[in-house]
Amino acid sequence: MSFNETFDSDSFNKTNGDTFEPISETKSVSFYTPMVYVSILLISLVIFASRYRRKTIKELSELPSMFDESVARDLYFEIQGLAETGESKVHEKVVKAALLNRGAEAIRRTLKLKESEPQITVLYKNGSVGEEYWKRYQNEVKLTELEFKECIQEAEKLQPGWAQLFVAISKEICFNQAMARRYESILTRKEVNINQWALKLDDNGKLVD
Amino acid sequence: MPQSYDYDEKAETWPFFAMAVLVVVLLPLTLMQIYELFNSQKEEKFGEQTSTLNELNQVLVPQSIKKFRAKYKVKKSGVWSKKTLIVCLGWCLVAVIWKTIDSNEAVREAASTIFDPYLLLDISTSATEKEIRSAYRKLSIKFHPDKVAKNLSEQQRAVLEEQYVLITKAYKALTDEVTRENYLQYGHPDGPQATSHGIALPRFLVESSASPFVVVGYIALLGLILPIFVSRWWSRTQSVTKKGIHVKTASYFADRLFNFKPSQVVTSDLILDWLSNAEEYKIMYPHLGPKVFRNLLNDHLQRASNGEDLNEIKLRVVAKTHSLLFGLLDVSTNFRNTEISLAAIDTFKSIVQATPVSPESQIFQLPNVDQKRFSEGSVDDVRTLGKLFTYDEKKIGQILGISDESRLQETLKVASFIPRLKLLKAEFKVPGETVVTPESIPHIALKVLVVSPKHKAFPPSKFPQVFFEEEQDFEAQKDPFASALEQPPVPQTFAPLFPVERTGGWCALVMLQKDGKVIQTPLVVDRLSFSNLDNDFDKREIKDVEASFKPENWVVGTIKIPFSQPAPPQNGDYFFRVVLKSTEYFGSDLDFTLPMMVRDPPSEADSDKQYDDDSESDSDGEGDDDEDEDDLDEENDSDYTDIDTDTDGEEEKSLVN
Amino acid sequence: MSLTYDANSKLLALEDASFDELMNLSQINKLTQNLVGESNPNFTPQPRETSTVMIKKLFETGLQQTKQHKFPEALKSISLALEMSQRKRAPWEAFAVQLQEVQFMLKNRVDLCLVQGRFVDALQDLEFLQNTGLTTSDVFIRKTDALIKLQQFELAKVECERGLSLDPSNVKLKALHMESTRRLAEYNGDQ
């Protein structure tokens, strides 16, 4: 090999004949040897890269959602399934209602993710949550965006030209639903408060002394 | 490769290698050990603050918990710990190796052949040519074969001659062009010396029958052991967050916060539900589920006893809540959720005191209380320790349902030593400034008094201003938090039912009053003198506060809370809610509003106003703010219109900011 | 999921539904009912006149009864008006209008509750108002008052101080702050 020669000539050959005899053996190496070497290296790298990619994609798809449930979306598909295949003919307006519900939820999620962004970023940067949570968040942002687009496409399919109005209506529905949920929770919150503070009330809601 | 390698048969090199490795490992270890030793001594200097409750705290511990504590006691490493032993052994080994090197002929020989002209001529490396010449001349006179004494033996003569040759060589090396070149390039005036490349391993390891083992050893080391260690270290750092909880637990808490519906009411039960789902418990007891853990936590709060086996599980589950709750608090404050943060700390104290959160928690945390008799018999509405101490001892015994005199004394002692915080002075402070200037870096400086629930109330104005003054020298300005650290650490918590002995203080939370949300992660206040608790300033005996109050009998505590953001750029008043919430006791919390008055530096007008809050009377701070009313109204309006025009559903509302 | 569909009422039902499923189903059913009643496929968020008038009428009855000091009846009317606004309005009618309507009626209901000593009810309505972004001094004054009456002095003081932070010169809040600190001191045996 060539590097043998330079090594020898540089440090041993010239001056110090008494201690070292220059021994140079040159093996003839086939032209293909380096080619084979490089190609094995490259192929193994490519295999590793593709495997790694596939694995990360799989991991990403297996990450649990940031949101506890996806009922609005699931129900829409369920109802759509009923409308297309079921024996009982589901009215077209029911499908529309389910889509509006799904659209409203998609908007809620988009807003929620956007508004939580600074907090989640700080959590991640402080090391309060792990790498996985951060990945889940970024994943969820993309998925929610996709979900929203899907809703608009579905709206266009159900009623051509409706898409723009659909978005405006979904927005109102989203906020009104949130308000309704809050309104409906008044009673349960009241019960919790009474328990928490061990209050005794009469039938008219007055405090019993 | 053409050459044959030399093995280190004379042990010339490998001892050096071994020693280098040893020293590289030992030095940091030793330093760490010394640092720890030094630090622990520093801690001891403060001394443990002995609370009068310490003895009772031991006596009242149930047998089962005593056993548990003995079993899981963490041994504190002293001077004679295992680590110190290892370090000492390591240094001994270094000494042994040093000895071998020192007595090794081969090494010595190698060292003597090293050619250093400066050493030979006995001059410094920066010597000028003139100095070199004169040194050479002096030495050559001494060693010249013609000049030496005639009466020397043959052998001595030879030595001197050799020395002379060396000196001449050295001189040439520094003056003659060719020799100098040789010296610089090869390290010897004669030109290159024989170099050999060896392996720092004895021959027996590499040659003959042992070589396969060495190869296998290398493969094992590089291919197995190293990767395993690295990956284990990596996965361990990855599985725990910086706050010390499992990443899965942290993710779970973050999910709960993220999915939290504003229509829910946060209660201690909800927090306990969350805790029961911690990954830590799953790892400790893979065969048990969250429901079991939840029940165990509940049993702990109800002070219910379980069987022997379950009891240990329960105590371990309870002991773990400490880090989990701090983890949850970290996540919830980052999500800016006030309700959950406060509920988490309430849950904390309820676990520490094994008392559920209820309106009677302050009373029920005490030992020996008959909860049934208390609930049935209470004529007056006694819910606080302070109220309890307005009655005489006999009546207290009746209220709490304790008929045994000695047990009543125990209970009273505990009750009177549960610390209450009394706010004397609170302000936003910028070091070196009299006011908070726009965009400065303020911190919250508090003066508090640790008082007992039995103490008679007195207004903070009883303290002359000198008590609150701090040195304003350069050091204090450079590190304004140092003065708070000079206080002794808080004493052990009275918590006989908690699985481990514990100390803990207060969590300082800061909220923005405008939106009512937390603005920074909590600071743990764990240094405060409790010596005031020994004062006998009994509210049942003191009739005339004026006459019996002596400020010099009281120790004023200092709390400094760093503020996470700079002051706003605009002048004005900004209001913050500061909550000091005890993680240990019910009835020890402090909750007040503190305005940050941002003003230009006081060259034009003196706006040096401080806000003195006291929980006893109306604070005068609020009265001063009329001139800023317009500012705030404006803010209010914009907030209002925000809601009216578009986006604000409650789900969304909770996320604004 | 075993989703069932009633072709007559066009409503959906689900067996063993979770809380979220139930909530979503009722939301969808409500949307369906409103869609069936809507003939224009390109409906807009414009509020419907009919429901506005009906709710207003009910609410005004309540106000009348309040004037006549028939508080229990007034409370019922206003609660009914609120119920109607929740039930009769389509979910897509402008949120800004719906929120204002609910907030306005709730403010009146709060006062009716306070007058009749229904402090827990008042507190919940007040919390709804706060959560939907209504943070005027009036809300803080009423909430502090309700909390004092419920003997939650610590919370009352916290609430009052937040109110004062937003409106530092409010006389009523200042008075309430004094009262809550005094009551709290008493509660803690400091007086």
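Two strands are taken to pair if DSSP finds at least two bridges between them. In the predicted model described here, this criterion is met by β3(B) and strand β4 (residues 443-451) of chain B, which are joined by nine bridges and run antiparallel. Within this pairing, B:K422 stands opposite B:L449 of β4(B). The two strands belong to an open sheet of three strands, ordered β3-β4-β8 in chain B, with antiparallel pairing. The edges are occupied by β3 and β8 (556-562) of chain B; each has a single partner strand, so one side of each is left without a neighbour in the sheet. On average, neighbouring strands of this sheet are turned by 25 degrees against each other, direction ignored.

The loop between α22 (405-416) and β3 (420-429) of chain B contains B:P419. This proline is classed as buried because 25 other C-beta atoms lie within 10 Å, the threshold for that class being 20 or more. When neighbours within four places in sequence are left aside, the contacts of B:P419 are with B:V450, B:F530, B:L533 and B:S588. The C-alpha atom of B:P419 is also separated by 8.1 Å from that of B:Y585, a residue 166 positions away along the chain.

A further antiparallel pair in chain B is formed by strand β9 (residues 572-582) and β10(B), with nine bridges between them. B:G572 has B:V598 of β10(B) as its bridge partner. Strand β10 (residues 590-598) of chain B is mostly covered, with eight of its nine residues buried.

Chain B as a whole comprises 27 helices and ten strands. Of its 657 residues, 33% are buried. Among contacts in chain B with a separation of 6 or more, 70% link residues 24 or more positions apart.

Two helical regions of chain B illustrate its packing. Helix α8 (residues 154-175) and helix α9 (residues 177-186) of chain B have axes that come within 6 Å and cross at roughly 95 degrees. This angle falls in the range from 65 to 115 degrees, and α8(B) and α9(B) are therefore roughly perpendicular to each other. On the α8(B) side the contact is made by B:K172, B:A173 and B:L174, and on the α9(B) side by B:T179, B:R180 and B:Y183. By class, the residues in the contact of α8(B) with α9(B) are three nonpolar, one polar and two charged.

The second region concerns helix α13 (residues 268-276) of chain B, in which B:S268, B:I271, B:L272, B:W274, B:L275 and B:S276 are buried. The elements covering these buried residues of α13(B) include α12 (247-258), α15 (290-301), α16 (308-334) and α17 (338-352) of chain B.

Annotated transmembrane regions were examined in chains B and A. For chain B, an unreviewed UniProt entry assigns the annotation "transmembrane region" to residues 14-35 and 213-234. In the model, residues 14-35 of chain B are 100% helix and 0% strand, and the end C-alpha atoms of this span lie 32 Å apart. Residues 213-234 of chain B are likewise 100% helix and 0% strand, and their end C-alpha atoms lie 29 Å apart. For chain A, UniProt lists residues 29-49 under "transmembrane region", again in an unreviewed entry. This stretch of chain A is 86% helix and 0% strand, with its end C-alpha atoms 31 Å apart.

Chain A contains six helices and zero strands, and its pattern along the sequence reads α-α-α-α-α-α. Buried residues constitute 28% of the 209 residues in chain A. Residues 24 or more positions apart provide 58% of the contacts in chain A with a separation of 6 or more.

Chain A is also in contact with chain C, an interface in which 40 residues of chain C meet 42 residues of chain A. On the chain C side, two or more residues are given by each of β1 (3-6), α1 (19-36), α4 (95-115) and α5 (119-131) of chain C. Of these elements, α1(C) gives the most, with nine residues. The residues on the side of chain C that touches chain A comprise 22 nonpolar, twelve polar and six charged.

Definitions and conventions
Residues numbered from 1 in each chain as written. Chains lettered and ligands numbered in written order. Predicted model: local features only at pLDDT ≥ 70, side-chain atom pairs only at ≥ 80, totals over all residues. UniProt positions renumbered as here; feature names shortened; annotations may be inferred. Helix = DSSP H or I, 4+ residues; strand = E, 2+ residues; numbered from the N terminus. Contact = placed C-beta atoms within 7 Å. Nonpolar A, V, L, I, M, F, W, Y, C, P; charged D, E, K, R; others polar. Buried ≥ 20, exposed ≤ 12 C-beta atoms within 10 Å, placed from the backbone. Axes fitted to C-alpha atoms, helices over the stretch in contact; angles between N-to-C directions. Parallel < 35°, antiparallel > 145°, perpendicular 65-115°, else oblique.
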